[in-house]
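Me: I am new to this kind of picture. Can you walk me through how to read it, one feature at a time?
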2 protein chains.
Amino acid sequence: MQISEVAQKFGLTPDTLRYYEREGLIGPIAKGENGIRNYTESDLQRIQFVKCMRAAGLEISFLKKYIQLFDKGDETIKERREILVEQRKILKKKLDDMQEAYDRLNMKIDLYDKNILDKSLM
Amino acid sequence: MQISEVAQKFGLTPDTLRYYEREGLIGPIAKGENGIRNYTESDLQRIQFVKCMRAAGLEISFLKKYIQLFDKGDETIKERREILVEQRKILKKKLDDMQEAYDRLNMKIDLYDKNILDKSLM
DNA sequence: ATATCACTTAGAGTTAACTTTAAGTCAATA
DNA sequence: TATTGACTTAAAGTTAACTCTAAGTGATAT
């Protein structure tokens, strides 16, 4: 599969896919005679993983590290688990923060709907 | 209350508080004879609102707009409600994305714990 | 054959949200 | 009285994550 089709599929741009590859998050993607990238099924799986984690705000630097460890093999399992746990903790905190803001927005909109607006409070 | 105490209270830096004020998210904060900011209770309430929304990733530009409308008075109620609803939608999408990544991390860590690791999958 | 189109590269530019710097004021302490 | 520490300003610098530019290649449509 060529880059623009992959980009389309995941809602990314070709630039972003090349950028992820440069950063070592995916690939290196095999290229044909013409020098054009040809994404395999396993490339797509990694992109899907990266996309999911990036959408949740996990940093490129973490993903890079994790993927490097992954590619190193079984002796990195313990370290991989540790950084996953660390990221999960960070993510949990963010989820809680966002849930709080979400609840607050909901309450606020509710007050707007019921026309009970406290002029002093945001 | 002085800037560093406020910063402390909210886990922000004085720099960030001055930055928020410059951007019109809070204040302008009243200053004493010496030119030093003195935060009132109502300033603190706004900071708390801004902090909550920023922690959830809402953009400065949105907060600025909302606060401007708020300060304009009742004729902006409808518009305010609309942008709150818009932000809620954006936030919901992010929450869902993050929940997905969180679940995935959990599953992954679980597999690490049970020593069932598929070498082909991240 | 010429134009269009998707791809390639290296490297420069952009954006949001801070964060730091430099230069200065003022009150309290050694 | 000199220094320390908290504050002030305007403006420049930083960081992450893209995003764009310029220059080029190669296959296909007119």
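Reply: Start with one term. A residue is near a strand if one of its heavy atoms lies within 4 Å of it. Keep in mind that this is a predicted model.

Me: Which residues come nearest to DNA strand D?
Reply: There are 16 residues around DNA strand D, and Arg54(A), Ser4(B), Arg18(B), Lys31(B) and Arg37(B) come nearest.

Me: Which part of DNA strand D lies within 4 Å of the protein, sugar or phosphate, or bases?
Reply: Count the strand's atoms within 4 Å of the protein. For DNA strand D, 75% of them belong to sugar or phosphate, and the rest to bases.

Me: What lies 2.6 Å from a phosphate oxygen of DNA strand D?
Reply: Look for pairs of N or O atoms within 3.5 Å. Here a polar side-chain atom of Lys31(B) sits at 2.6 Å from a phosphate oxygen. The side chain of Arg37(B) places an N or O atom 2.9 Å from a phosphate oxygen of strand D. Ile60(A) uses a polar backbone atom instead, 3.4 Å from a phosphate oxygen of that strand.

Me: Which helix supplies the largest share of the surface near DNA strand D?
Reply: H2(A), with five residues. Helix H2 (14-22) of chain A and helix H1 (3-10) of chain B each give at least two residues to this surface. By class, the surface has five nonpolar, four polar and seven charged residues.

Me: Now the other strand. How many residues surround DNA strand C?
Reply: DNA strand C has 16 residues around it, and the closest are Ser4(A), Arg18(A), Lys31(A), Arg37(A) and Asp15(B). Of its atoms within 4 Å of the protein, 79% are sugar or phosphate.

Me: Which residue has a side-chain N or O atom 3.5 Å from a base oxygen of DNA strand C?
Reply: Arg22(B). Phosphate oxygens of strand C take part too. One is 2.9 Å from a polar side-chain atom of Arg54(B), and one is 2.9 Å from a polar backbone atom of Arg37(A). Helix H1 (3-10) of chain A and helix H2 (14-22) of chain B each give two or more residues to the surface near strand C. H2(B) has the largest share, five residues.

Me: Last feature. Is Lys108(B) buried or exposed?
Reply: To judge a charged residue, check its burial, then look for a partner. Lys108(B), in helix H5 (residues 77-114) of chain B, is buried but has no salt bridge. Asp118(B) is the nearest side chain of opposite charge, 7.3 Å away. Beyond its neighbours within four places in sequence, Lys108(B) is in contact with Tyr66(A), Leu84(A), Leu121(B) and Met122(B).

Technical notes
Residues numbered from 1 in each chain as written. Chains lettered and ligands numbered in written order. Predicted model: local features only at pLDDT ≥ 70, side-chain atom pairs only at ≥ 80, totals over all residues. Heavy atoms only, no water. Polar contact = N/O pair within 3.5 Å; in protein donor to acceptor, adjacent residues only side chain to side chain. Helix = DSSP H or I, 4+ residues; strand = E, 2+ residues; numbered from the N terminus. Nonpolar A, V, L, I, M, F, W, Y, C, P; charged D, E, K, R; others polar. Buried < 20%, exposed > 50% of the residue type's maximum accessible area, 1.4 Å probe, protein only. Lys, Arg positive; Asp, Glu negative; His and termini not counted. Salt bridge = Lys/Arg side-chain N within 4 Å of Asp/Glu carboxyl O. Contact = heavy atoms within 4.5 Å.
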